[in-house]
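User: Could you take one part of this model and look at it closely for me? Tell me how it sits among its surroundings, and then widen the view a bit.

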Amino acid sequence: MVPLRGMRLPLLLLLLNTTFGSAYHWFNWQYEVGCQSDTFIAPADEAEVVRFLKEEFPEQSHIKVVGNGHGFGNLTTCINKGATNRTSHIVSLANLKKLQINKDMTVTVGAGWDVYDLVNELKNHNLSFDYLGAMRVQNIVGAISTGTHGTGQEITNMATQVVALRVVDARGNLKSINEYSNPEELKAFRVNLGALGLITEVTLKVQPTHFLKKTTKVLNATTDYNQLYTEIADLYKEHDRMTVWGPHFNWDAEAEDWIIEPTFFASWWEQTNYTGTGNCTLNYCANGCGDCIKDYICYDETSDAVSAPPQGICSSQFYAEIEHFFPMEHFVDAAVNYTKFQQAQTPRMKGFENQKMIFQLRALKGDDSYMSPANTYNLDSDSSGVFGILEIDWIQSVNHWDTLYNNQEFAYEFQEEFGALYNARSHWNKMSPNDPKHTLSVFPKLPQFLQIQERQDPNCQFVNEFLVNQLGIDRCRAALNL
Ligand SMILES: Cc1cc2nc3c(=O)[nH]c(=O)nc-3n(C[C@H](O)[C@H](O)[C@H](O)COP(=O)(O)OP(=O)(O)OC[C@H]3O[C@@H](n4cnc5c(N)ncnc54)[C@H](O)[C@@H]3O)c2cc1C
């Protein structure tokens, strides 16, 4: 990770040509992860993508394709200029804005679409996505490539909506992959981590727009975590599509301890016949935003009911976040032990600028994308195939690098502590620690993924340190000077 001190700028993604040395800087959304390349390339169309990659293949240049940088880790960083003797390029496909509405309830879109704009455009055609993340701030391919998801025991991640895509490999060869001609390969490309080439367009399932009813209920907190999470697990038996925002903790500076807030809340979504005005987006309640701990019912079109637009992101301070997926059968045990493990770290948090700690719980139906954190390949035959998802956000009172590094340090430790115990998998773009042995155990299709990766990228042009270390791509170590 390359820390860039003092950056306080209002955009999600910033690409700056610095005045010294003509380096291009890429930053993630909260500007604490970044890298510097030699060039920034934004091809005008797919043909230019092909031409660019054909030219760069003999040069073996480093190429990192970026979306909107809405992540917490080093997945999307380019190779720093000068780190090797190869040229380093950052590529954005923002200009690829094709939009084709197909007759079979699918849409084909260029890689340049942001989820927010695409959702708005689809509404003009009375179409919508059923599955979105809690916020629609990503680039569409960036979201798919990491397995971005919402919540629901009958709902899978966004990548499962992909029925076809077009990808350009390192040699500049363009390939179409779809569920009819190459269904097995599509499973590798859905959650691709940016490692398999530049995806120029995707075809996704859509549905007619319809309303959902969202019910939000205040829940009582207790430090009897067994009781707390058993009650939540019982709620999951009643509500298929539910997010629990909590428990919430506040940092007590005098006691130097986390104090649990007495209440928190859960929201669940159901089908409805409602046809009136949509009113869920009036209160985003995403990211701990707004006046959220209260009972209310609202109705909105699916995308507005389940996910917040960029305006719904209210925390502008640094925060660290983990998100782990584990089989739903472990839900209570895992949630109790994650919470206790976090509390055991409290002495390490004294003297820093912490403010809030928010747990978020969701559920997700498993799927068969090779690198999906909710892949079902190693589950027992009697498993439900549903995953519980636990997220912890450590939110700071001010932007403070040492606090961030301190929190990130122990954020990484959760996987070591619980990965094997609960068959837990990290979200690829949220503080996922380097552990190729664990990666192989929870992603049994990793060898097949890496075979395709080598075919698509024989000279290690698309990989970075994160991918090499996480996936154990040892053939690329020398190319990156690792
Ligand atoms: C505040 C916040 C809230 C979030 N909420 C959720 C949530 O509710 N659920 C969830 O699952 N996640 C959530 N995330 C994580 C987020 O959805 C993922 O990190 C997602 O990958 C971000 O997309 P992006 O375009 O911004 O990413 P980037 O980091 O820019 O890109 C992600 C990956 O996609 C690759 N990529 C991008 N474009 C292409 C292309 N054309 N071809 C090939 N590869 C490409 C990149 O190389 C990289 O590997 C959240 C993140 C933040 C910061």
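Analyst: I'll start with a pair of helices, then move on to the domains, the ligand and some odd backbone spots.

Two housekeeping points come before that. Residues are counted from 1 along each chain, in the order its sequence is written. The model is predicted, so keep the cut-offs in mind: local features need pLDDT of at least 70, side-chain atom pairs count only at pLDDT 80 or more, and totals for chains, interfaces and linings use all residues.

Let's zoom in on helix 5. Helices and strands here are DSSP runs numbered from the N terminus (H or I, at least four residues, for a helix; E, at least two, for a strand). Helix 5 covers residues 225–238, which makes 14 residues. From its first C-alpha to its last it reaches 20 Å, close to the 20 Å expected at 1.5 Å a residue; the expected span is 1.5 Å times one less than the number of residues.

Which residues of helix 5 are buried? They are L228, Y229, I232 and Y236. They share one side of helix 5, because they cover an arc of only 80° around the axis. That arc is taken over the directions from the helix axis to the C-beta atoms. The textbook background is handy here: an α-helix has 3.6 residues a turn, so residues three or four places apart point the same way. "Buried" means that 20 or more other C-beta atoms lie within 10 Å of a residue's own, "exposed" means 12 or fewer, and "partly exposed" is in between, with C-beta atoms placed from the backbone. Turned away from the buried side of helix 5 is a face with the exposed residues N226, Q227, D234, K237 and E238.

So what sits on top of the buried side of helix 5? Its cover includes strand 15 (242–252), helix 7 (331–344) and strand 20 (354–365). Contact here means that the C-beta atoms of two residues, placed from the backbone, lie within 7 Å.

Helix 7 deserves the treatment helix 5 got. Helix 7 has 14 residues and reaches 20 Å from first C-alpha to last, close to the 20 Å expected. Its buried residues are F331, A334, A335, Y338, T339 and Q342. They too sit on one side of helix 7, since they cover an arc of only 125° around the axis. K340 and A344 are exposed on the other side of helix 7. Among the things covering the buried residues of helix 7 are helix 5 and strand 20, along with strand 19 (319–327), strand 21 (386–396) and helix 10 (413–422).

Strand 15, part of the cover over helix 5, has a quirk of its own: P247 lies in it. G246 and P247 are joined by a cis peptide bond, with omega about 5°. For context, most peptide bonds are trans, and most residues other than glycine have a negative phi.

Now zoom out. The protein is divided into domain 1 (99–208) and domain 2 (211–433), with bounds from an automatic or database domain assignment. Their centres, taken over C-alpha atoms, are separated by 25 Å. At the junction, 30 residues of domain 1 are in contact with 30 residues of domain 2. On the domain 1 side, helix 2 (115–124) and helix 4 (183–190) are the elements giving two or more residues. That side divides into twelve nonpolar, twelve polar and six charged residues. In this count Ala, Val, Leu, Ile, Met, Phe, Trp, Tyr, Cys and Pro are nonpolar, Asp, Glu, Lys and Arg are charged, and the others, Gly among them, are polar.

The shell around the ligand draws at least three residues from each domain. It holds 32 residues, with G67, H70, G142, G194 and N429 coming nearest; a residue is near if its C-beta atom, placed from the backbone, lies within 6 Å. The shell divides into 14 nonpolar, 18 polar and no charged residues. Helix 3 (140–145) supplies at least two of them, as do strand 5 (62–66) and strand 12 (198–205). Helix 3 gives the most, with four.

Last stop: the stretch before helix 3. R136 is in the loop between strand 9 and helix 3. R136 counts as buried because it has 25 C-beta neighbours inside 10 Å. Residues up to four places away in sequence aside, R136 touches V115, Y116, V119, S303, S307 and P309. N126, in the loop between helix 2 and strand 9 (127–128), has a positive phi of about 60° although it is not a glycine. N126 counts as exposed, with 12 C-beta neighbours inside 10 Å.
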